[in-house]
Amino acid sequence: MANPKLRFYFREPTIDTNIPITDGTVKIEGFDWEFVPTEEECDAWDCGFAARVRAYAKGEAHISIPAFPNRKFRLAYIYVNSKAGIESAKGLEGRRVGIMQWDNTAGVWARGALQHYYGVDLKKINWCSPRAKKMALAEGIRIEQIDSNDDPDLLLDNMLLDGKIDAVIGPNVLPSITARDPRMRRLFRDFRKEEQEYYRQTKIFPTSHIVTLKQAFVDKHPNAPVALLKAFRQSRDVAFDRLVGPDPQVIAYSWIAAAVAEQRELMGDDYWAYNVPNNVRELEAMTQYAHEQGLTPTRIDYKTFFHPDAAALPGV
């Protein structure tokens with residue numbers, strides 16, 4: 001009898017941790033992959049972490065596994081106009097700061113770091129966004145609506161270049177940063193050093209996505225969460241093997257093996273763990289920041305939104 005299909009929606013199918021699944025290298029035990037183009041059509045997906053927390057608070061019928069295929073430090077994603085005179089995180093207070101939208105995961109992490117690590121008062125920032133959704137915000141937070149139908153990255157990039165805003169906190173690298181336009185720079189010029197020190201002090205490695213299943217599919221296929229977690233662990237292992245294994249596949253950067261060794265020395269061999277115990281700081285931080293920033297009415301218990309069998313699966 002043929003295996004049932006597991007319809008998966010990848011928000012980012014081409015990042016290195018996901019490619020071993022999307023290129024067919026990694027199979028899933030007891031199921032056949034089917035990749036679909038929208039969340040509405042899927043049985044499981046790589047959900048934005050903040051969106052997952054918010055959906056849980058609303059009681060939506062989803063269940064997650066401790067697989068985090070996308071994670072990035074977010075201090076490098078704070079940009080300033082070079083002539084704005086902003087030389088520190090505290091310098092953002094009193095300034096106009098553009099964001100894509102308040103509940104974007106990257107922004108939640110960046111604002112959490114600004115508040116808790118740098119002591120920035122988020123209420124003293126003049127936030128503006130083309131997607132100022134009618135949603136709950138933390139007391140004292142105000143977001144100015146930017147009226148535009150342009151792509152948010154291009155819109156904020158142009159506004160920052162023109163001096164209409166002083167800074168941007170975004171999920172992506174702005175086009176003018178990629179083009180090395182001198183009119184714009186990262187807030188932290190040596191962002192690598194800054195993020196490494198942030199990790200030394202906090203032990204937080206921000207998680208952007210969390211693999212999540214629809215409860216109706218799990219009710220029908222209770223073996224799916226563990227099978228999916230095993231597949232994502234294998235995919236991550238293949239991705240690392242392609243970086244630093246016997247036949248490296250990433251060759252555009254000549255010293256990638258040295259870079260991975262440096263990151264492991266700082267963060268440990270299992271810094272990209274797919275389990276609960278190794279990610280407690282991140283899980284606690286996200287649920288705290290989401291509540292403080294108004295995404296959830298109360299601080300939720302992260303332990304309750306994981307499938308118990310997947311959460312208990314040994315290994316990393």
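Two rings of Phe, Tyr or Trp (the six-membered ring, for Trp) make a pair when their centres lie within 6.5 Å. With that in mind, let's walk through this predicted model. Searching the whole structure turns up 22 aromatic pairs. Take F31 and F217: their ring centres are 6.0 Å apart and the planes meet at 45°, so this pair is tilted, given that stacked needs under 30 degrees and edge-to-face over 60. F31 sits in the loop between helix 1 (19–22) and strand 2 (32–35), while F217 belongs to helix 7 (residues 215–220), so the pair ties together parts that lie 186 residues apart in sequence. Both partners are tucked away: F31 is buried at 3% relative accessible area, and F217 counts as buried too, at 9%.

Aromatic rings also gather into a cluster here, with ring pairs linking F73, Y199, F205, F240, Y271 and W272. Other rings have a charge for company. The charged end of R111 sits over the ring of W127, 6.0 Å from its centre. R236 does something similar with Y274, its charged end sitting over that ring at 5.0 Å from the centre.

Now for some helix packing. Helix 2 (residues 49–57) and helix 3 (residues 105–116) have axes that come within 7 Å and cross at roughly 95°. That crossing makes the two helices roughly perpendicular, because angles of 65 to 115 degrees fall in that class. At the contact, F49, A50 and A51 from helix 2 meet T105, V108 and W109 from helix 3. Sort the residues of this contact by type and you get five nonpolar, one polar and no charged.

Next, a couple of buried spots. V211 lies in strand 11 (residues 209–214), and with 0% relative accessibility it counts as buried. Leaving out residues up to four places away in sequence, V211 touches F8, W45, D46, S64, I65, A67, P69, L228 and F232. For a sense of distance in sequence and in space, V211 and P13 are 198 residues apart along the chain, yet 13 Å separates their C-alpha atoms.

S235, in helix 8 (residues 224–244), is the other one to look at. S235 also comes out as buried, at 0% relative accessibility. Setting aside neighbours within four places in sequence, its contacts are T17, N18, P20, I21 and V26.

What about residues with more of a view of the outside? L154, in helix 4 (residues 152–161), is partly exposed, with a relative accessible area of 44%. Its C-alpha is 43 Å from that of N223, although the two are 69 residues apart in sequence.

Finally, have a look at the backbone in two loops. R180, in the loop between helix 5 (175–178) and strand 10 (184–186), has phi near 60°, a positive value in a residue other than glycine. R180 is exposed, at 73% relative accessible area. K203 is found in the loop between helix 6 (191–202) and strand 11, and its phi is likewise positive and near 60°, again in a residue other than glycine. At 34% relative accessibility, K203 counts as partly exposed.

Technical notes:
Residues are numbered from 1 along each chain as its sequence is written. This is a predicted model: local features need pLDDT of at least 70, side-chain atom pairs count only at pLDDT 80 or more; totals for chains, interfaces and linings use all residues. Side-chain values use heavy atoms; hydrogens and water are left out. Helices (H or I, at least four residues) and strands (E, at least two) are DSSP runs, numbered from the N terminus. Buried means under 20% relative accessible area, exposed over 50%, partly exposed in between (1.4 Å probe, protein chains only). A charge sits over a ring if NZ of Lys or CZ of Arg is within 6 Å of the ring centre and within 35 degrees of the ring normal. Axes are lines fitted to C-alpha atoms, for helices over the stretch in contact, and angles run from 0 to 180 degrees between N-to-C directions. Angles under 35 degrees count as roughly parallel, over 145 as roughly antiparallel, 65 to 115 as roughly perpendicular and the rest as oblique. Contact means heavy atoms within 4.5 Å. Ala, Val, Leu, Ile, Met, Phe, Trp, Tyr, Cys and Pro count as nonpolar, Asp, Glu, Lys and Arg as charged, and the others, Gly among them, as polar.
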